[in-house]
Amino acid sequence: MSVAILCLPAPGRTADEREVLAGPAETNGEGYAEGGIETCMECHDETEKYPVLSILKTTHAMKGDSRTPFASAHGCEVCHGPSAAHVEEETVPPPRRFGRNAPAQEQNAVCLGCHQGGTRVHWKGSTHESRDVACTSCHTIHVEQAVLALDKRPETFARNDQSQTCYECHPQQRAQMHRLSAHPFKEGRIRCSDCHNVHGTPGPSLLVRNTVNNTCYQCHAEKRGPFLWEHQPAREDCLNCHTPHG
């Protein structure tokens, strides 16, 4: 029952509200498993085929935070759905499934139940959403490893770091990073999210600012001007002369 979802708690979400999110799955006649989290972990531990115990060291397992799944009595089932039938018979899948064969929109609907705002406010209609990219393609929850997210809180990724996760689908950018002149990605001084918001933005290419130049000015403020003699191609678009990935 391995699952990967965004690990940042949404402001204002209560345990009762999260239980409502799992409600539609109960229309199949399945109820919640007795014992909640403890029942799930009787089988899903570090010695079985679905190791998940490292989740206990992540944000979602913070019982003291009312916004997390483990703050609810149903724990795992907040995301996976009521699983009484699955507990009775292992071959019966939980109502909500995650994994390679699960539709991206259904997986993402579970994650967005709590992670709707913040940097994900423009997710609907974004490039990744329209191409059926699942949250689980980039994020994982059953791991300890964490890096800083766009809003400087811990966020887990499916690979060793954020850039490696992005490179899985963007090999051209990976190759460009190894050119002689490139931003200091390999040195860890800059990350993809410094320029791009993968969850969607109003601007082009998922840039964190509305234009290419305004994005570049975040680090290159001295190029903003005003100058006595403006160089029009630079004023129009930095990409007229530069390739940002190398």
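Tutor: Let us begin with glycine 35, which is found in the loop between α1 (15-21) and α2 (37-41), and let us keep in mind that this is a predicted model.

Student: Why is glycine 35 called partly exposed?

Tutor: Its relative accessible area is 49%, and because buried means under 20% and exposed means over 50%, with partly exposed in between, glycine 35 counts as partly exposed. As for its place in space, the C-alpha atoms of glycine 35 and histidine 74 are separated by 8.2 Å, although these residues are 39 residues apart along the chain.

Student: What makes up the protein chain around that loop, in terms of helices and strands?

Tutor: The protein chain has 11 helices and 2 strands, and from the N terminus on the elements run α-α-α-α-α-α-α-β-β-α-α-α-α. Of its 246 residues, 40% count as buried, while the chain exposes about 14,300 Å², of which carbon and sulfur atoms supply 53%.

Student: How do you know that arginine 67 forms a salt bridge with aspartate 65?

Tutor: The closest N and O atoms of arginine 67 and aspartate 65 are 3.0 Å apart, and since the rule asks for a side-chain nitrogen of Lys or Arg within 4 Å of a carboxyl oxygen of Asp or Glu, the pair therefore meets the rule for a salt bridge.

Student: Are arginine 67 and aspartate 65 buried or exposed, or partly exposed?

Tutor: Arginine 67 has a relative accessible area of 27% and is partly exposed, whereas aspartate 65, at 14%, counts as buried, because the cut-off for buried is under 20%.

Student: What makes lysine 124 and glutamate 129 a salt bridge?

Tutor: Their closest N and O atoms are 3.9 Å apart, and because the limit is 4 Å, lysine 124 forms a salt bridge with glutamate 129. Lysine 124 counts as exposed at 68% relative accessibility, and glutamate 129 counts as buried at 11%.

Student: Which distance supports the salt bridge between lysine 223 and glutamate 222?

Tutor: The closest N and O atoms of that pair are 2.6 Å apart, which is within 4 Å and therefore satisfies the rule. Lysine 223 is partly exposed at 49% relative accessibility, and glutamate 222 is partly exposed at 48%. By this rule the count comes to 4 salt bridges.

Student: Why is the set that includes Ile37 and Phe70 called a nonpolar core?

Tutor: The name applies because a nonpolar core is made of buried residues of listed kinds, Ile, Cys, Met, Ala and Phe among them, joined through side-chain atoms within 4.5 Å. The largest such core has 8 residues in all, namely Ile37, Cys40, Met41, Ile55, Ala61, Phe70, Cys76 and Ile141. Apart from it lies another core, of 6 residues, among them Cys166, Met177, Ile190 and Cys192. In soluble globular proteins, nonpolar side chains tend to be buried together.

Student: Which residues is phenylalanine 70 in contact with, leaving aside its neighbours within four places in sequence?

Tutor: Phenylalanine 70 is in contact with Ile37, Met41, Ile55, Leu56, His60, Ala61, Lys63, Gly75 and Cys76.

Student: How many cavities of 30 Å³ or more are there?

Tutor: The count comes to 2 cavities, and the second largest cavity has a volume of about 110 Å³. This second largest cavity is lined by 12 residues, and the closest to its centre are Trp123, Ala134, Cys135, His139 and His199.

Technical notes:
Residues are numbered from 1 along each chain as its sequence is written. This is a predicted model: local features need pLDDT of at least 70, side-chain atom pairs count only at pLDDT 80 or more; totals for chains, interfaces and linings use all residues. Side-chain values use heavy atoms; hydrogens and water are left out. Buried means under 20% relative accessible area, exposed over 50%, partly exposed in between (1.4 Å probe, protein chains only). Contact means heavy atoms within 4.5 Å. Helices (H or I, at least four residues) and strands (E, at least two) are DSSP runs, numbered from the N terminus. Accessible areas come from the Shrake-Rupley method with a 1.4 Å probe; for residues, only the protein chains shown count as cover. On a 1 Å grid over the protein atoms alone, a cavity is a set of points where a 1.4 Å probe fits but cannot get out, and a pocket is an open set with protein on both sides within 12 Å along at least five of seven lines; lining residues have an atom within 4 Å of a point. Grid points are joined across faces, edges and corners, and a volume is the space filled by probe spheres set on the points.
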